[in-house]
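Hi,

Here is the structure I said I'd pass on. Have a look at it first, and then read my notes underneath.

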Amino acid sequence: MGDFFAWDGRDLLLHVRVQPKAAQDRIAGLHGDALKVRITAPPTDGKANRHLARLLAKELRVPKGAVTVEKGEKGKDKTLRLAGADPEVLAAARAGASEPSAPPSPAPPGAAAGAHSMPRRHGTGSAGSPDQATPAPSSSRKVRKVRAADDSCLPFG
């Protein structure tokens, strides 16, 4: 299996497989001979390419303008040129790409899923101030409003 990158002088050529419209932006590991990158941007009007360039510039610590699409402008498989990339930063990214994604960290002991740190009170916000009032639970009964002759609204059940 080949590498997902190559050096061209001081520039880094990065082979990427893009998954647009993902739930979150992240480098997902290797996909064959390419680095798989998930991005939230849609693949329309170059939005995904710009988003990908910003993400990789941030991750590899290069200026946004230093990242350009060399090949694959309209496809999922792309070759990107990163001008002036640091080999040490690439080594760190390469080590992260070869490791499988870590599962989410477990909740601290004693913390149940969905549990609140303080009990909720109806009618006041979490700080207890009246200006942050939360509405009381509504009843399941539907209220129908009918316009009266004097333009006021009257509830009828």
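To start at the N-terminal end: does aspartate 3 count as buried, partly exposed or exposed? Bear in mind that this is a predicted model. Aspartate 3 comes out as partly exposed, because its relative accessibility is 39%, and buried would need under 20% while exposed would need over 50%. You'll find aspartate 3 in the segment before strand E1 (5-8). Its C-alpha atom is 9.1 Å from that of leucine 35, although the two are 32 residues apart along the chain.

Next, the hairpin. Strands E3 (residues 26-31) and E4 (residues 34-38) run antiparallel and are joined by 5 bridges. One pairing to look at is histidine 31, whose bridge partner in E4 is alanine 34. The hairpin has 2 residues between the strands, and glycine 32 has a positive phi near 70 degrees there.

Then go to strand E6 (residues 77-82), where threonine 79 sits. Threonine 79 has 13% relative accessibility, so it counts as buried. Its side chain makes a polar contact of 3.3 Å with the side chain of histidine 15. Beyond its neighbours within four places in sequence, threonine 79 also touches other residues, including Leu13, Leu14, Thr68 and Val69.

Last, the second largest pocket. Its space is about 200 Å³, and 13 residues line it, with Pro43, Glu73, Lys74, Gly75 and Lys78 nearest its centre. The lining splits into 4 nonpolar, 4 polar and 5 charged residues.

Cheers

Conventions. Residues numbered from 1 in each chain as written. Predicted model: local features only at pLDDT ≥ 70, side-chain atom pairs only at ≥ 80, totals over all residues. Heavy atoms only, no water. 1 Å grid on protein atoms, 1.4 Å probe; cavity = no way out; pocket = protein on both sides within 12 Å on 5 of 7 lines; lining within 4 Å. Points joined across faces, edges and corners; volume = space filled by probe spheres on them. Nonpolar A, V, L, I, M, F, W, Y, C, P; charged D, E, K, R; others polar. Pairing = 2+ DSSP bridges. Helix = DSSP H or I, 4+ residues; strand = E, 2+ residues; numbered from the N terminus. Buried < 20%, exposed > 50% of the residue type's maximum accessible area, 1.4 Å probe, protein only. Polar contact = N/O pair within 3.5 Å; in protein donor to acceptor, adjacent residues only side chain to side chain. Contact = heavy atoms within 4.5 Å.
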